[in-house]
Amino acid sequence: MLKNNFITAQEAAEIIEDNKTICTIGMTLVSASESILKALEKRFLETKHPSNLTLLHSCGQSDRKDGIQHFAHEGFVTRIIGSHWGLQPRWMEMIANNKVDAYCMPQGQIAQLYRSMACGLPGKISKVGLKTFVDPRVEGGKMNDRTKKIDKEMSEIIMIDNEEYILYKSIPIDYCIIRGTVCDEMGNLTTDEEAMKLEVLPAVLAAKRFGGKVIAQVKHVAETGTLNPKSVTVPGVFIDHIVVCDNPFEDHRQTSSWYFDPSYSGQLRAPQSNIQPLEFSVRKFIGRRACMEIKAGDIINLGTGIPNDVVGKICNEEGVSDDIMITVESGIYGGVQASGIDFGIGKNLYAMITHHEQMDYYNGAGVDVTFMGAGELDQYGNVNSTKMGDRCTGAGGFIDITQNAKKVVFCATFTASGCEYSFENNQLKILKEGKIRKMVSKVGQISFNGEIARAKGQKVIFVTERAVFEIVKEGVVLTEIAPGIDLQKDILDLMDFKPIVAENLKVMDLDLFNINGKSNLKEKIINKK
């Protein structure tokens, strides 16, 4: 009978050679192969090997401490190709200080690139990314001065039937590191207790296409033939080495904040009464106003930041979760989403599909409404959510999702860094203004192209605590202000461009100020046509 090669984490680290390309699979700290990553880091710090690696990853894979943060040492990795580093401070520092070649590609395009590579294609063809910073004619996804000096491009523009597309080029994989829950002695691997399905099999098959090796970390080993074949995510014939985690509580956690909760992986449904409502805050206020953009029957998407942290919870406490379908880029449907460092998972889900299949939906049909965070808005309707000065968080799934959504709702505070508010007597008062303006004449990086959005008639709303804007053919229109806000002093004087002020400028709904109760969201969306 075929048997797999079971090794220790230290032995796995010894296998990796200098100058190779490593692909890791995970999102936040979900499915991070901590035993293997820690052993690799330990070997490099002690011996300076392996060195000069290329690290390829589709999602952000850290909780500010672990995950691919273990690779963030000068000389260990000299080229990183990924989508998001917002929870990876050492990587953002290395990129900002030109210590590594850094390429940013849309998260969904990387996840789907594995599938294209697996079936022998030269790359992934898509319209996603056109006229944003990942377009090779703009910045080519090069995130620092060091990378901009390199001639190598990760993509190119091609024409098909007189239409422009981006070809995201294949990236040969030498080693693919994955994680599962249980494998049998043959190596057949399940992911039953993982909180996401991710793009595990396409990445494995992409590595195999280039003769690469696959190393898997698991919690348990079962007798061959005892696993339900429908539960097997990766057949054992595609796995070269298996590491059984010797400290699962620390190195095989379901996510950063807890070891295992079956309500996040579908083995249990938690009582609704256990899900506590959010405390009132400026983020909840913005989320409430943003939720007024949905209608019954909508399929919506939540991005990181304010959307994921508050929108799903607002919908749950307002009783509208059954009137809409909430999705997240990781592949989850319904439920109540975890927030912050646990982004991408949900309690009491209705469905969970793979990451690359979720992106098929977002890139193709397009979600009805997506809620996204934002850093800057300019006079052309361009939005920057990916790089603020030298601090580059990257795109994540932002470009994939916003470019094809039927409606985009950006959620952000009007200014940043130190703003303080008072929400009393149905009035918003600015107690202390933020130091950083977000309404700028020209964004620092084009994450969302307003010109393309206007040309195709995409509905785009920009929601802040004091003002709501809409991007239309004529430009950026101010459509609403909060009660208690001075139009000139609190809005126009703090913008680097002059918006169009709507003739019928509205005042925000007073229900948004209900600090201890609901905002009557259900009534509003059920009656919306």
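**Exercise 1. State the accessible surface of the protein chain and the share that belongs to carbon and sulfur atoms.**

Solution. The accessible surface, computed by the Shrake-Rupley method with a 1.4 Å probe, comes to about 20500 Å² for the protein chain. Carbon and sulfur atoms account for 50% of that surface. The structure is a predicted model, in which local features need pLDDT of at least 70, side-chain atom pairs count only at pLDDT 80 or more, and totals for chains, interfaces and linings use all residues. Residues are numbered from 1 along each chain as its sequence is written, and side-chain values use heavy atoms, with hydrogens and water left out.

**Exercise 2. Determine whether the protein chain is as compact as a globular protein of its length.**

Solution. Begin with the inventory: the chain holds 14 helices and 36 strands, which are DSSP runs (helices: H or I, at least four residues; strands: E, at least two) numbered from the N terminus. Next, take the radius of gyration over C-alpha atoms and compare it with the globule rule, 2.2 Å times the number of residues to the power 0.38. The radius is 23 Å, close to the 24 Å that the rule gives for 529 residues, so the chain is as compact as a globular protein of that length. Finally, 61% of the 529 residues count as buried, that is, under 20% relative accessible area (1.4 Å probe, protein chains only).

**Exercise 3. Explain why C59 is in no disulfide.**

Solution. A disulfide requires a pair of cysteine sulfur atoms within 2.5 Å. The closest cysteine sulfur to that of C59 belongs to C23 and lies 10 Å away, too far for a bond. C176 is likewise in no disulfide, its nearest cysteine sulfur, that of C23, being 4.4 Å away. The count is zero disulfides. C59 is buried, with a relative accessible area of 0%, and C176 is buried, also at 0%.

**Exercise 4. Locate the buried residues of helix 3 and identify the strands against which they pack.**

Solution. Helix 3 spans residues 89-96, and W91, M92, M94 and I95 are buried there. Seen down the helix axis, the buried residues fall within an arc of 165° (directions from the axis to the C-beta atoms), so they line one face. They pack against strand 3 (53-56), strand 4 (77-82), strand 5 (101-104) and strand 26 (391-392), where contact means heavy atoms within 4.5 Å. After the helix comes N98, with a positive phi near 60°.

Key. Buried means under 20% relative accessible area, exposed over 50%, partly exposed in between (1.4 Å probe, protein chains only).
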